[in-house]
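I opened this notebook to record a short inspection of one structure. The entries follow the order in which I looked things up.

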Amino acid sequence: MALTAVKGFNDILPVESGRWHFIEQTARKVFELNGFEEIRVPVLEKTELFSRSIGDATDIVEKEMYTFTDKGENSITLRPEGTAGVMRAFIEHKLYAQDPIAKLYYMGPMFRYERPQKGRYRQFHQIGAEITGVTDPLADAQVLNMLTAFFREIGLTEPTLQINSLGCPECRPEYRVSLRSFLEEKMGQLCDDCRRRFAANPLRTLDCKVPGCAEATAGAPSVLDHLCGGCNDHFATVRRYLDLSATPYSINSRMVRGLDYYTRTTFEMVTMLLGSQSAVAAGGRYDGLIAQLGGPAIPGIGFAMGLERVALLLTNQDFASRPDLFIATMGEGERDVAFSLMDALLKSGIRVEMDYEGKSLKSQMRRADKLKAYYSVVIGGNEASSGKAAFKRMADGFQTEALLTVAAIQVLLNTTEQ
Ligand code: ATP
Ligand code: MG
């Protein structure tokens with residue numbers, strides 16, 4: 001039997017890769033404009049990194065991690081997200097020593113053992129960005145504006161930005177108490193996960209996708225009514241900056257996120273088009289994380305977007321790259337001329353294809369069509385000896401005579417509308 005890929009692990013085929021490049025290149029462009037630099041960290045980390053940062057009572061750590069014991073009896077985990085590894089590297093290499101403000105971005109595969117479905121896979125890809133060292137809400141606003149700019153640049157007006165504040169170690173415990181006393185009455189209606197997490201992580205209940213839990217928590221107290229003075233001011237300033245930049249957003253006080261390290265601002269880019277895979281990008285502030293991982297007390301904020309989900313939203317656009325010219329040949333004798341012309345054109349950056357196998361003219365033209373070449377040219381004995389040929393614009397059959405030289409073909413491609 002032929003071998004297949006592991007369930008939930010996808011091949012990104014050439015028909016898809018144009019779309020992926022567009023997303024990746026747009027992210028690089030927008031992030032680098034904002035002063036972010038790329039960091040590349042390993043896909044494997046010590047398991048402890050994730051249990052200490054993401055939190056033991058989270059879906060990711062409880063159920064979704066690819067954790068193995070290696071040959072040296074060490075527990076290692078395929079990274080389920082990017083922030084923990086980036087912050088581990090930030091601490092390990094003392095990137096803060098020169099300047100605690102670092103603006104970093106990353107892209108690459110992440111791994112979670114989830115039930116595969118549209119927009120949810122076991123290997124998926126994130127593009128993420130982090131700013132460390134800034135407590136001021138300016139960092140929150142810049143990150144949110146940058147995320148908004150990314151979606152604008154790729155041409156999507158959907159998804160929309162939702163923001164919330166989860167408070168800080170000062171005020172969140174108080175909110176937890178009030179939420180717990182509300183939930184106590186509803187215990188019977190909650191799912192097993194929520195009941196089990198009632199003590200350690202009651203906020204998760206607000207975000208639980210089980211319909212009974214959503215119903216039970218409809219009238220739950222809002223975290224925004226329990227913020228301390230500092231968190232309240234911070235959130236108000238984030239909102240003021242967003243208003244100053246005319247960045248559209250709405251407030252969703254039930255958004256809690258599935259990772260424990262978040263403090264204050266949290267946010268999601270939400271789509272209506274992917275069912276329950278509605279979060280296309282998500283993130284927040286993590287002022288305690290770096291210290292929690294053994295580094296200095298440096299705050300941070302960041303986000304990650306799911307590349308597959310962004311790609312699913314872009315499906316009605318064509319990103320296939322097309323040859324400028326297809327060179328067909330009549331016979332064996334012209335193949336040297338055609339090959340030399342192709343070689344010269346490629347060297348000057350013109351994308352050319354030619355027949356590889358001495359096929360019939362008809363089948364060569366079929367291939368030119370299939371490749372969606374902008375132009376085709378047939379080189380026979382006459383063309384080879386005169387150095388001139390008729391170039392056919394494939395879209396409408398319009399023909400122009402031109403010399404078989406790089407310069408003439410460049411002019412043809414530039415002056416005729418493609
Ligand atoms: P969800 O609520 O859909 O499970 P999440 O809260 O687990 O998302 P994060 O951990 O915040 O997501 O990850 C950030 C982004 O990564 C998500 O917004 C989503 O676009 C993407 N993502 C997360 N898990 C997966 C997955 N299993 N497959 C594909 N993309 C994913
Ligand atoms: Mg999840």
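The entries below cover the ligand site, two sets of paired strands and one pocket.

**Entry 1: status of the model.** I note at the outset that this is a predicted model.

**Entry 2: ligand 1.** I began with the surroundings of ligand 1 and counted 17 residues there. I listed the closest as Arg112, Glu114, Arg120, Lys209 and Arg257. I then looked up polar distances to the ligand. For Glu114, I found a polar side-chain atom 2.6 Å from a nitrogen atom of ligand 1. For Arg120, I found an N or O atom of the side chain 2.8 Å from an oxygen atom of the ligand. Arg309 also places a polar side-chain atom 2.9 Å from an oxygen atom of ligand 1.

**Entry 3: strand β9.** I next turned to β9, which spans residues 263–270. Is this strand mostly covered or mostly open? I recorded eight of its eight residues as buried, the criterion being under 20% relative accessible area. I then traced its partners. Strand β7 (residues 160–165) pairs with β9 in the antiparallel sense, over six bridges. In this pairing I located Ser165 opposite Thr265 of β9. Strand β10 (residues 279–285) is also antiparallel to β9, and I again noted six bridges. Here Glu268 stands opposite Ala282 of β10.

**Entry 4: the β3–β4 hairpin.** I examined β3 (residues 66–69) and β4 (residues 75–78), which are antiparallel and share four bridges. Which residue of β4 is the bridge partner of Tyr66? I identified Leu78. The two strands form a hairpin, with five residues between them. Within the turn, I noted that Glu73 has a positive phi of about 65 degrees.

**Entry 5: the second largest pocket.** I read off a volume of about 350 Å³ for the second largest pocket. Its lining comprises 20 residues, of which Arg172, Arg176, Asp260, Tyr262 and Thr263 are the closest to the centre. I note that Thr263 falls within β9, already described in Entry 3. Which helix gives the most to this lining? I found that α6 does, with three residues. Both α6 (172–184) and α10 (289–292) supply at least two residues each. Sorting the lining by residue class, I obtained 10 nonpolar, four polar and six charged residues.

Terms used. Residues are numbered from 1 along each chain as its sequence is written. Chains are lettered from A and ligands numbered from 1 in the order in which they are written. This is a predicted model: local features need pLDDT of at least 70, side-chain atom pairs count only at pLDDT 80 or more; totals for chains, interfaces and linings use all residues. Side-chain values use heavy atoms; hydrogens and water are left out. On a 1 Å grid over the protein atoms alone, a cavity is a set of points where a 1.4 Å probe fits but cannot get out, and a pocket is an open set with protein on both sides within 12 Å along at least five of seven lines; lining residues have an atom within 4 Å of a point. Grid points are joined across faces, edges and corners, and a volume is the space filled by probe spheres set on the points. Ala, Val, Leu, Ile, Met, Phe, Trp, Tyr, Cys and Pro count as nonpolar, Asp, Glu, Lys and Arg as charged, and the others, Gly among them, as polar. Two strands pair if DSSP finds at least two bridges between them. Buried means under 20% relative accessible area, exposed over 50%, partly exposed in between (1.4 Å probe, protein chains only). A residue is near a molecule or strand if one of its heavy atoms lies within 4 Å of it. A polar contact is a pair of N or O atoms within 3.5 Å; within protein, one must be able to donate a hydrogen and the other to accept it, and residues adjacent in sequence count only if both atoms are side-chain atoms.
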